[in-house]
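These notebook entries record what I looked up in one structure. I set them down in the order in which I looked.

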Amino acid sequence: MEKELHEQYEYARRRIRQKKTLYFHFVLFLLGSLFLFVADRFLNISYGQNWYIWIITVWFFIFILHFIKVYITDRFMNKNWEREQIDRLVALQQKRISQLDSSISDNLENKL
């Protein structure tokens with residue numbers, strides 16, 4: 001029972017760390033976007049027309065990927081999902097091994 005409690009605690013801690021990092025990424029995105037806008041409009045730092053929009057768009061796409069990883073992918077494909085998949089694959093392997101063993105023993109009996 002204590003092992004399960006520890007695993008739940010570790011899972012909760014890992015999820016909180018992921019969410020905290022995502023929130024930090026969001027705040028950094030907002031401040032960075034604001035800085036890029038100010039640099040283009042008021043500081044006259046210009047590398048071409050609307051260069052900051054391209055940077056913000058790419059950064060937003062990266063943020064969306066981070067969001068999907070935290071709230072969709074890691075939410076459903078966690079340790080429990082991994083264990084279920086491993087158990088399913090092990091069961092399939094054991095079933096296949098038992099089928100091979102029975103076919104080998106049937107072949108040996110037929111030859112004798």
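The entries below cover the basis of the model, a salt bridge, a pocket, a nonpolar patch and single residues.

**Basis.** I note that this is a predicted model, in which local features need pLDDT of at least 70 and side-chain atom pairs count only at pLDDT 80 or more, while totals for chains, interfaces and linings use all residues. Residues are numbered from 1 along each chain as its sequence is written, and side-chain values use heavy atoms, with hydrogens and water left out.

**Salt bridge.** I looked for salt bridges, each being a side-chain nitrogen of Lys or Arg within 4 Å of a carboxyl oxygen of Asp or Glu. The count is one. E10 pairs with R13, and their closest N and O atoms are 3.9 Å apart. I then checked where the partners sit: they are three residues apart in helix α1 (residues 2–41), so about one helical turn separates E10 and R13. Helices here are DSSP runs of H or I with at least four residues, numbered from the N terminus. For exposure I used relative accessible area with a 1.4 Å probe and protein chains only: buried is under 20%, exposed is over 50%, and partly exposed is in between. E10 is partly exposed at 29%, and R13 is partly exposed at 40%.

**Largest pocket.** I took a pocket to be an open set of points on a 1 Å grid over the protein atoms alone, where a 1.4 Å probe fits, with protein on both sides within 12 Å along at least five of seven lines; lining residues have an atom within 4 Å of a point. The volume of the largest pocket, the space filled by probe spheres set on the points, is about 220 Å³. Its lining includes E10, Y11, R14, N78 and R83. Helices α1 and α3 (79–111) each supply at least two lining residues, and α1 gives the largest share, with five. By class, I recorded one nonpolar, three polar and five charged residues in this lining.

**Nonpolar patch.** Which residues form a nonpolar patch on the surface? I listed V58, F61, I62, L65, F67, I68, I72, F76, M77 and W81, with about 950 Å² of accessible area together. Members of such a patch have over 30% relative accessible area and no salt bridge, and their nonpolar side chains are joined within 5 Å. Helix α2 (residues 51–76) contributes the most, with eight residues.

**Single residues.** Is V70 buried or exposed? V70 lies in helix α2 and is buried, at 2% relative accessibility. Its C-alpha atom is 8.0 Å from that of R15, although the two are 55 residues apart along the chain. L65, also placed in helix α2, is partly exposed at 45%. I last looked up N50, in the loop between α1 and α2, and found N50 partly exposed at 31%. N50 and F37 are 13 residues apart in sequence, and their C-alpha atoms are 9.3 Å apart in space.

Definitions and conventions
Nonpolar A, V, L, I, M, F, W, Y, C, P; charged D, E, K, R; others polar. Patch = residues over 30% accessible without salt bridge, like charges linked within 9 Å, V, L, I, M, F, W, Y side chains within 5 Å. Areas by Shrake-Rupley, 256 points an atom, 1.4 Å probe, with all protein chains shown as cover.
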